[in-house]
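Colleague: I should like a close look at a single part of this model, namely the aromatic residues and the open and enclosed spaces around them. Please take the aromatic residues before the spaces.

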Amino acid sequence: MIGGDGLDRLAPAHYEPGSVPRAVRRHAGRPDALPVGRPGKIGLLELDFERIGGRTELVHRYQKSPLQIMRPLHFDPARPDLAVTFLMSTGGGIVQADRLRLDLRCGADSAVHLTTQAATKLHRMDADYATQQVHLTAADGSFVEYLPEPTIPYRDSRFYQRTVITTAPSATVLAGETVLAGRLARGERNAYQVFATDLEWRRPDGRLFALDTVRLEPGGSGVTGPAVLAGHDLVSTFYAVSPAASAPEIADTLYRSLAGSGLPYGVSVLPEDSGAWLRVLGSDPPAVAGAVHRAWDAVRRLLIGAPAPALRKC
C-alpha cells in the first residue's frame, strides 16, 4: 500500500496536509459520525498517463472510494491524442473529516484533460473540517489541462485545499478554479465558515515560482482575506503556464478574450515569463462560465492552434 511519495497510502502523513491554515485547523474535532481515517473517509486517486503511439493512455490507476474516474476518452477532433478524463466521487460531496488526495502524473509528450463530472459540494460541518490535496505533474513536452467544475461551499462548511502543480519548463499547463458563494438558488450566500486554498506552481527540482493563496472567512457583513468577493457571488481564476508564447502575449490574449464581457476581471503575467493568469468576478454563473470558456479557447488557439472542445457532462 505504498504511494508515489514512498509512504503508506493509509498513513496520516500521506493523506493529511503537512500544514493546515489556522483558520481551518481551529475547527478540528471528533465527529459523532465517522471520524478521520475510517472507511470511506480517506479518498485516494493516483493516475499515470503516458504517450503510447499516437495518443495518450492511462498506464496506472489506483483509486480508493470515494474517488474514482471514468475511462479516458479521446474525442477532441483537434487533438485526437488528448486523453479526456472525468474525476468522480461516489458520494454526494465532501463532508467533515474527509481527507482526499489526488496524484496526477502526465508523462513526457502526453496530452491530458482533467475535469470533474459535476460541481464539488462542501456539506455542513459541525465537529471537524475537510481537506483535499492535488499533486499534478506535467513532464517535458506535455500538454495538460486541469479544469474542474465549480466548488460550492454550503452553510457552515470548513475546507482547505492544497494544489501543487509541478511543470517542466517545456510543458504547457492550463488550470482553473471557480468558487461560488454558496447555494445561490436557495439564497445562501457566504454562509460557510471558512474556505481556504493554496495553489503552488513548482519546477521539477521543487523550486516554487508562483503561489496563489485564497482565504475566505465570512464574518459580519462581508468576506475578508486576500481574495474578496466584493459583493459578487462567484470568483473564477484561470492560469496558463507555457513556453509556447511570451507571458505578455498570453496576458494580452486573456485580456482581449473578456473585453466587452461586462464582468470585473484582471490579468497579470506570472513570474519568470512563465505565463499569465486571469481572475474574474460575477453573480451570474452562466456568464462567468462563458467568460472563462472564451479565455480558455483563446489561449488554446494561441498555444496549440486548436479550439477548446465542447464537453457535455451528465
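Modeller: A residue counts as buried when its relative accessible area is under 20%. The model is a predicted one, and in it tyrosine 239 has a relative accessible area of 3%, so this residue is buried. Tryptophan 201 is likewise buried, because its relative accessibility is 1%. Phenylalanine 209 is buried as well.

These residues belong together. Trp201, Phe209 and Tyr239 join Trp277 in one aromatic cluster, and the structure as a whole holds 5 aromatic pairs. A pair of aromatic rings is described by two quantities, the distance of the centres and the angle of the planes. For tryptophan 201 and phenylalanine 209, the ring centres are 6.4 Å apart and the planes stand at 50 degrees, so the pair is tilted. For tryptophan 201 and tyrosine 239, the centres are 5.9 Å apart and the planes meet at 55 degrees, so this pair is tilted too. The latter pair links distant parts of the chain, since tryptophan 201 lies in strand β13 and tyrosine 239 in strand β16, 38 residues apart.

Charged side chains also lie over aromatic rings. Arginine 203 is placed over the face of phenylalanine 209, at 4.3 Å from the ring centre. Elsewhere, arginine 9 lies over the face of tyrosine 62, at 3.8 Å from the ring centre.

The enclosed space comes next. The structure holds 1 cavity of 30 Å³ or more, and about 70 Å³ of space lies in the largest cavity. Its lining consists of 11 residues, of which Glu177, Val179, Val214, Val235 and Thr237 are the closest to its centre. Strands β12, β13, β14 and β16 each give two or more residues to this lining. Strand β16, which carries tyrosine 239, provides the largest share of the cavity lining, 3 residues. By class, the lining of the largest cavity has 6 nonpolar, 3 polar and 2 charged residues.

The open spaces may now be considered. The largest pocket has a volume of about 670 Å³. Its lining is made up of 37 residues, and Thr116, Ala118, Thr120, Gln132 and Pro148 lie nearest its centre. Among the elements that give two or more residues to this lining are β4 (83–89), β5 (99–106), β13 (194–202) and β14 (208–219). The most comes from β11, with 4 residues. Sorted by class, the lining of the largest pocket has 17 nonpolar, 14 polar and 6 charged residues.

The second largest pocket has a volume of about 520 Å³. It is lined by 24 residues, and those closest to its centre are Pro148, Glu149, Ala289, Val292 and His293. Pro148 is thus named at the centre of the largest pocket and at that of the second largest pocket. Two or more residues of the second lining come from each of β6 (111–116), β12, β16 (234–241) and α4 (285–304). Helix α4 supplies the largest share, 7 residues. The lining of the second largest pocket has 14 nonpolar, 7 polar and 3 charged residues.

Two strands tie the aromatic residues to these spaces. Strand β13, with tryptophan 201, is listed for the lining of the largest pocket and for that of the largest cavity. Strand β16, with tyrosine 239, is listed for the linings of the second largest pocket and of the largest cavity.

Terms used:
Residues numbered from 1 in each chain as written. Predicted model: local features only at pLDDT ≥ 70, side-chain atom pairs only at ≥ 80, totals over all residues. Heavy atoms only, no water. 1 Å grid on protein atoms, 1.4 Å probe; cavity = no way out; pocket = protein on both sides within 12 Å on 5 of 7 lines; lining within 4 Å. Points joined across faces, edges and corners; volume = space filled by probe spheres on them. Nonpolar A, V, L, I, M, F, W, Y, C, P; charged D, E, K, R; others polar. Phe/Tyr/Trp six-rings, centres within 6.5 Å; stacked < 30°, edge-to-face > 60°. Buried < 20%, exposed > 50% of the residue type's maximum accessible area, 1.4 Å probe, protein only. Lys NZ or Arg CZ within 6 Å of the ring centre and 35° of its normal.
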